Amino acid sequence: KQVKDSKHKVEFTLKQHTPIIHFQSDQSGATLRATELKPKFDRFLKKYAFGNDFERYKIFLIGYDEKKKQTKKDFDGKEAFNYKILIETIKSDAKEITNKTYFGNMGKKPHEEEYRYAIKIDQSFKIHFLTFNTIIKENIEKLFCSFLAVTNFGSRQNKGFGSYYLDKNDPNYKAPIDALEQIKANFIYATYINKDEKIFEHVEVIYPLIKTGINYPDYKKIDHPRGEKDRNGKIKQVPDPTQGRGLKASYYKSYLFTYMLNQNPSIGNEKKFIKENFFNNKIKPDNMTKKYVRALLGIGDGIEFKDHERKGKIEYSNPQVERFKSPLTFKIVDNYLIIVINDIEKEIFDKSFTFKDKFDNKKSISTPKENEFNLVDFMYAFADYFNNELKIDKEKNRMNMFDEKIASAKIAKFLKASKWNI
C-alpha cells in the first residue's frame with residue numbers, strides 16, 4: 001500500500017538481519033506482521049514513554065472516553081494506542097531452518113502442514129505509522145529505534161530469529177548500542193568482522209554455554225543391533241556408549257550451574273537432584289541445597305537423558321507456571337551480537353516444581369529465591385568467563401563442531417553496558 005506524505009505519518013526504512021520463522025512462510029510476501037509488532041510496541045511505549053502510568057497514557061488509548069471516567073479495569077487488558085501501522089509487502093521465499101536452536105521441526109516432514117520454514121528478505125522495506133496525535137507521533141519517532149534494538153519477531157525470537165532494525169540510510173538510524181543506552185537497557189555485546197548469518201551461528205553455542213552446558217561424547221558407531229537399514233538400504237550406524245568417549249569428545253559445563261555453585265552459600269542444581277532421585281543407578285546424595293536453577297532462564301516441559309548410565313525424560317510442572325520465556329534476547333544487527341538482559345518475572349522465584357519420570361515417580365524442588373540470583377550480575381560474570389576463562393584445549397584436527405563454533409565465537413570479546421537501576 002502506498003501512503004501519501006502527511007504530517008500525521010512517520011516512516012521508517014527497515015532491514016532484516018536474521019530469518020523469521022513465520023506461520024505463513026508458504027505465502028509469498030510473508031514478513032513482519034503489524035498484528036505482532038503493534039501490541040509489542042504499545043507495551044514498550046507504555047513503559048518508556050509513560051512509565052507504565054495509566055493516568056498518563058489513558059487519553060491516547062483507542063476507546064478512551066473522558067466523560068465515562070474509565071479506569072484500567074475497563075480496558076480488561078486490551079489497551080491499544082491510537083495509531084495504525086502499514087508494512088510494505090516485499091516478495092519473499094521460504095527457506096529451510098538451519099540454525100540448531102530451533103527444534104520445532106523435529107519429527108515432522110517438509111510436506112506436513114505444521115512444518116515451519118524461515119523467511120529472509122535481503123532488500124530494505126518501508127513501515128508507516130499513521131496517527132493524528134502529536135505526542136504519540138513524537139514518541140514513535142523518538143523510541144522506535146530503541147524498540148527494535150531489544151525486540152525480535154516470530155518463533156524462537158529470544159534466540160535471535162526475526163531480527164529487524166533500521167536501515168543505516170534511515171534518518172532516524174542510531175547505532176544499536178546507542179539505541180540501547182537511550183532506554184538504559186542492560187546488555188552485553190560483541191562486535192565481529194562477519195555479519196548477520198555467520199554471527200547467528202554463534203548463538204548455537206553461546207546459549208547452551210550459558211544455560212545447559214554442552215556434552216558431545218563422540219561415541220564410536222556400530223551396526224544397528226537389529227540390523228535396521230537407512231533409506232539407501234545400508235545398515236544404520238548407531239552410537240555405542242559402551243565404547244567410551246571418542247577423540248573428538250568435549251564437555252562444557254553450564255555456566256549457570258558453575259555460577260550458582262560459587263555463591264555463598266552454594267546452590268546445587270536440578271540435574272544433580274535428578275541423578276540423586278531418579279533412574280536405577282542413583283548417585284549418593286550430598287548435603288548441598290539443590291534448586292531448579294535452569295528455570296530462571298526459561299522453562300520447557302522436561303529434560304532428557306541419553307547417556308549410557310541414564311536414559312529417559314524427566315518432566316517437570318507447576319500448575320501456576322506452564323511456560324516461562326527466557327529473559328535473555330539475542331539481537332543480531334550487522335556485525336553486532338547483543339544479548340539483551342530483561343527483567344526476570346518475580347512469579348518464577350521460589351516456586352515448587354514437581355519432577356516426574358515415566359513410572360510416575362515424583363519429587364519436588366523449588367526455584368531460587370529472588371535474593372539468590374541477579375541476572376545482570378550473572379550475565380556480566382558470564383562475559384568475563386567467556387572472554388578470559390573458557391578454553392578449547394585441543395588441536396584443530398580433534399575439534400568437533402561445537403569446539404569449532406566456540407572458537408569462532410571467541411574471536412570477539414563481550415563488552416558490558418553500564419548497569420542501570422530501572
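A charge is taken to sit over a ring if NZ of Lys or CZ of Arg is within 6 Å of the ring centre and within 35 degrees of the ring normal. The legends below describe close-up views of a predicted model.

**View A. Lysine charges over aromatic rings.** The ring of Tyr-83 carries the charged end of Lys-38 above it, 4.2 Å from the ring centre. In a second case, Lys-410 is placed over the face of Phe-386, with 5.2 Å to the ring centre.

**View B. The aromatic pair of Phe-153 and Tyr-164.** Across the whole structure, a search yields 44 aromatic pairs. One of them joins Phe-153 and Tyr-164 in an edge-to-face arrangement, with 6.1 Å centre to centre and 70° between the planes. Phe-153 belongs to the loop between α3 (134-149) and β7 (164-166), whereas Tyr-164 belongs to strand β7; the pair thus links distant parts of the chain, 11 residues apart. Phe-153 and Tyr-164 are both buried.

**View C. The aromatic pair of Phe-279 and Phe-305.** The rings of Phe-279 and Phe-305 also meet edge-to-face, at 5.3 Å centre to centre and with 70° between the planes. Because Phe-279 lies in the loop between α7 (270-277) and β13 (302-306) while Phe-305 lies in strand β13, the pair ties together parts that are 26 residues apart in sequence. Both residues, Phe-279 and Phe-305, are buried.

**View D. An aromatic cluster.** Phe-12, Phe-41, Phe-44, Tyr-48, Tyr-83, Phe-125, Phe-129, Phe-144, Phe-147, Phe-153 and Tyr-164 make up one aromatic cluster. Its members include Tyr-83, the residue whose ring lies beneath the charged end of Lys-38, as well as Phe-153 and Tyr-164, which form an edge-to-face pair.

Conventions
Residues numbered from 1 in each chain as written. Predicted model: local features only at pLDDT ≥ 70, side-chain atom pairs only at ≥ 80, totals over all residues. Heavy atoms only, no water. Phe/Tyr/Trp six-rings, centres within 6.5 Å; stacked < 30°, edge-to-face > 60°. Helix = DSSP H or I, 4+ residues; strand = E, 2+ residues; numbered from the N terminus. Buried < 20%, exposed > 50% of the residue type's maximum accessible area, 1.4 Å probe, protein only.
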